[in-house]
Amino acid sequence: MIDIEVPRNPAKVGTNPGDPLPRLEGHVSHGRFEQVLRAGQFAVTTEIAPPDSADPTEVLRRASLFDGYVDAINATDGSGAHCHMSSLAVCAILTRAGYSPILQVSCRDRNRISIQGDTLGAAALGVCSVLCLSGDDVGAGDHPEAKPVFDLDSISLAQTIKIMRDDSQFLSGRKLDLAPRMMIGSSINPFVPPIANRADQLAKKIDSGAEFIQSQYCFDIPMLKDFMAKARDLGLTEKAYIIIGAGVLPSAKTATWMRSNVPGVHIPDELVRRLEQSEKPKLEGRKICAEIMQQVKEIDGVAGVHVMAYRQEKWVGDVVKCSGVLGDRKPWAPEQSFANIAAIT
Amino acid sequence: MSYRVRLFAVKHSRFFERLYHSVNPAIVGTLRGVNKVFGKKLDRPITAMESGLKGFLFDCKMCGNCALSKTGMSCPMNCPKTIRNGPCGGVRADGMCEVKPEMKCVWVQAWDGAARMKFGDDIKDIEFAIDHRDQGKSTWLRIARGEIAEKVSDRH
Ligand code: SF4
């Protein structure tokens with residue numbers, strides 16, 4: 001038998017997938033993201049756009065844009081039903097550099113056999129958080145001719161991962177040798193029908209195992225307040241960390257396009273008008289995002305914000321700084337910055 | 001046509017719930033007897049009957065794990081993503097489906113129908129990942145044979 005020596009460098013704890021952070025008491029994962037949430041800090045997460053490329057440095061370059069401003073990075077899984085580098089691969093590259101990625105799993109492309117295998121694989125690669133999604137329909141993407149899977153839905157998916165983690169077994173009942181230690185997340189969209197039942201839907205998601213929630217874009221604070229009031233009444237804010245989505249809109253035109261083409265996006269007319277009337281719509285869009293983040297933070301029961309700035313990722317740091325939601329806290333960033341890679345390309 | 005009947009059924013979910021609770025035990029009881037005498041010999045006509053009736057009323061897709069009484073009488077298998085714990089986050093502002101804009105979201109319908117039902121709260125229960133091998137089977141027969149529990153609310 002070959003004796004493989006696993007290097008263990010205490011100074012670098014957390015940067016090696018095989019050598020993760022110690023799991024704290026009462027925590028379900030080894031992840032830094034869970035530590036931030038459970039410590040009661042206001043968390044900031046964002047989304048990385050996976051490249052249309054097999055180049056790992058491109059992933060690190062894109063992640064480095066967020067250094068020092070976010071607590072976790074969602075790696076999207078074929079979002080909008082478009083092909084990109086897989087979420088699992090992006091996460092694996094990110095954990096190697098010490099980042100806290102959130103694996104996104106959509107039910108559109110894989111059945112329960114594949115998803116459970118990937119869950120084990122992700123955990124082995126140091127991924128500590130997973131977001132369960134149903135996924136956009138294939139018709140929305142660049143391969144509308146593909147066969148949609150939808151073997152599970154987002155709720156039975158969360159339940160499946162919870163069974164793997166807490167009961168240490170597959171859905172079939174077959175035992176696992178080592179359970180995947182992952183914090184389970186789900187999404188919610190309080191801004192589209194059935195509005196009256198969205199809090200009930202949230203309750204179902206929490207019942208199915210969700211410990212953190214990331215919402216769809218919020219551009220409508222009064223609507224969010226109504227939703228959060230219902231969530232509080234049902235005691236849901238005590239049971240899960242609710243993170244609200246905030247978006248950066250570059251122009252009135254994009255906003256109008258998103259409203260009619262991206263499923264589930266609700267943008268009030270006043271906001272579109274505000275962008276229309278602005279002389280610097282890009283700057284205005286960032287201001288709007290920062291304002292929304294501030295307002296969201298004031299709402300009782302909100303645990304953080306999720307900044308989505310598609311094609312405007314380089315502004316995420318700015319928006320977070322402007323909003324001041326982090327206070328004087330600086331989220332973890334790798335010592336060795338990959339910003340130099342950014343400078344070359 | 002069947003789409004309109006389906007909407008009608010959800011609109012009158014309370015009535016159909018009552019009908020279900022009064023008729024279902026009789027159907028299952030009869031089938032239990034039939035099963036004892038005939039075994040599997042009559043499976044095909046019985047399945048066809050269920051499919052015809054529920055197909056006409058609810059656009060039933062014969063998933064073999066009927067959840068109608070828990071989903072406001074709106075069959076979740078008509079959701080293009082076959083979500084059994086819905087809706088998804090893509091519902092349009094006017095309540096129409098993300099994937100099929102000409103169809104009302106099956107799950108907006110479901111929550112709406114459930115709100116009118118006596119045991120509508122059953123919609124809050126989580127549906128476990130479905131067994132796809134049951135596709136095409138008769139739920140009635142499966143209940144009669146004790147393969148699945150009768151989906152009558154425990155909130156009675
Ligand atoms: S909008 Fe409703 S019917 Fe359409 S895919 Fe989503 S949940 Fe299913």
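**Notebook: a two-chain predicted model**

I began at S134(A), which, leaving aside residues up to four places away in sequence, touches S106(A), C107(A), R108(A), F150(A) and S154(A), and also I83(B) and C88(B) of the other chain. I note at the outset that the model is predicted, and I read every entry below with that in mind.

I then looked up where S134(A) sits, and found it in the loop between strand 4 (129-133) and helix 5 (154-166) of chain A. Its relative accessibility is 10%, and because buried means under 20%, S134(A) counts as buried.

**Chain A as a whole**

I counted the secondary structure of chain A next, and it comes to 12 helices and 8 strands. The radius of gyration is 20 Å, close to the 20 Å that the globule rule gives for 345 residues, so I recorded chain A as being as compact as a globular protein of that length. Along the principal axes, its C-alpha atoms fill a box of roughly 70 × 45 × 45 Å.

Of the 345 residues of chain A, 57% count as buried, and among contacts with a separation of 6 or more, 76% are between residues 24 or more positions apart. I put the accessible surface of chain A at about 15300 Å², with 52% of it belonging to carbon and sulfur atoms. For the charges, I noted 38 positive and 42 negative in chain A, with mean positions 1 Å apart.

**A246(A) and P194(A)**

I picked A246(A), which is found in strand 7 (residues 241-247) of chain A, and asked which residues it touches beyond those up to four places away in sequence. The list holds Y217(A), C289(A), I292(A), M293(A), H306(A), V307(A) and M308(A). For M293(A), I also looked up the C-alpha separation from A246(A), which is 6.6 Å although the two residues are 47 residues apart along the chain. A246(A) has a relative accessibility of 1%, so it counts as buried.

Still in chain A, I checked the peptide bond from P193(A) to P194(A) and found it cis, with omega near -5°; P194(A) has its place in the loop between strand 5 (183-188) and helix 6 (198-207).

**Chain B as a whole**

Turning to chain B, I found 5 helices and 0 strands, which read along the sequence as α-α-α-α-α. The radius of gyration of chain B is 16 Å, close to the 15 Å that the globule rule gives for 156 residues, so I entered chain B too as being as compact as a globular protein of its length. The C-alpha atoms of chain B fill a box of roughly 55 × 30 × 30 Å along the principal axes.

I recorded 53% of the 156 residues of chain B as buried, and, among its contacts between residues at least 6 apart in sequence, 67% as joining residues at least 24 apart. Chain B exposes about 7700 Å², of which carbon and sulfur atoms supply 59%. It carries 27 positive and 17 negative side chains, and the centres of the two sets lie 4 Å apart.

**Helices 1 and 3 of chain B**

I followed helix 3 (residues 43-58) of chain B, whose 16 residues reach 21 Å from the first C-alpha to the last, close to the 22 Å expected at 1.5 Å a residue. Its buried residues are D43(B), I46(B), T47(B), E50(B), K54(B), G55(B), L57(B) and F58(B), and they pack against helix 1 (2-11), helix 2 (13-38) and helix 5 (139-144) of chain B. Just after helix 3, D59(B) takes a positive phi of about 60°.

In helix 1 of chain B, I listed V5(B), R6(B), L7(B), A9(B) and V10(B) as buried; the buried residues of helix 1 pack against helix 2, helix 3 and helix 4 (106-115).

**The loop between helix 3 and helix 4 of chain B**

Before checking the backbone here, I reminded myself that most residues other than glycine have a negative phi, and most peptide bonds are trans.

M73(B), in the loop between helix 3 and helix 4, has a positive phi near 65°, and is buried at a relative accessible area of 2%. T82(B), which lies in the loop between helix 3 and helix 4, has a positive phi near 40°, but counts as partly exposed at 27% relative accessibility. I closed with P87(B), also placed in the loop between helix 3 and helix 4, where a cis peptide bond joins G86(B) and P87(B) with omega about 5°.

How values were computed: Residues are numbered from 1 along each chain as its sequence is written. Chains are lettered from A and ligands numbered from 1 in the order in which they are written. This is a predicted model: local features need pLDDT of at least 70, side-chain atom pairs count only at pLDDT 80 or more; totals for chains, interfaces and linings use all residues. Side-chain values use heavy atoms; hydrogens and water are left out. Helices (H or I, at least four residues) and strands (E, at least two) are DSSP runs, numbered from the N terminus. The radius of gyration is taken over C-alpha atoms; the globule rule is 2.2 Å times the number of residues to the power 0.38. Buried means under 20% relative accessible area, exposed over 50%, partly exposed in between (1.4 Å probe, protein chains only). Contact means heavy atoms within 4.5 Å. Accessible areas come from the Shrake-Rupley method with a 1.4 Å probe; for residues, only the protein chains shown count as cover. Lys and Arg count as positive and Asp and Glu as negative; His and the chain ends are not counted. The place of a charge is taken as NZ of Lys, CZ of Arg, CG of Asp or CD of Glu. The expected span of a helix is 1.5 Å times one less than its number of residues.
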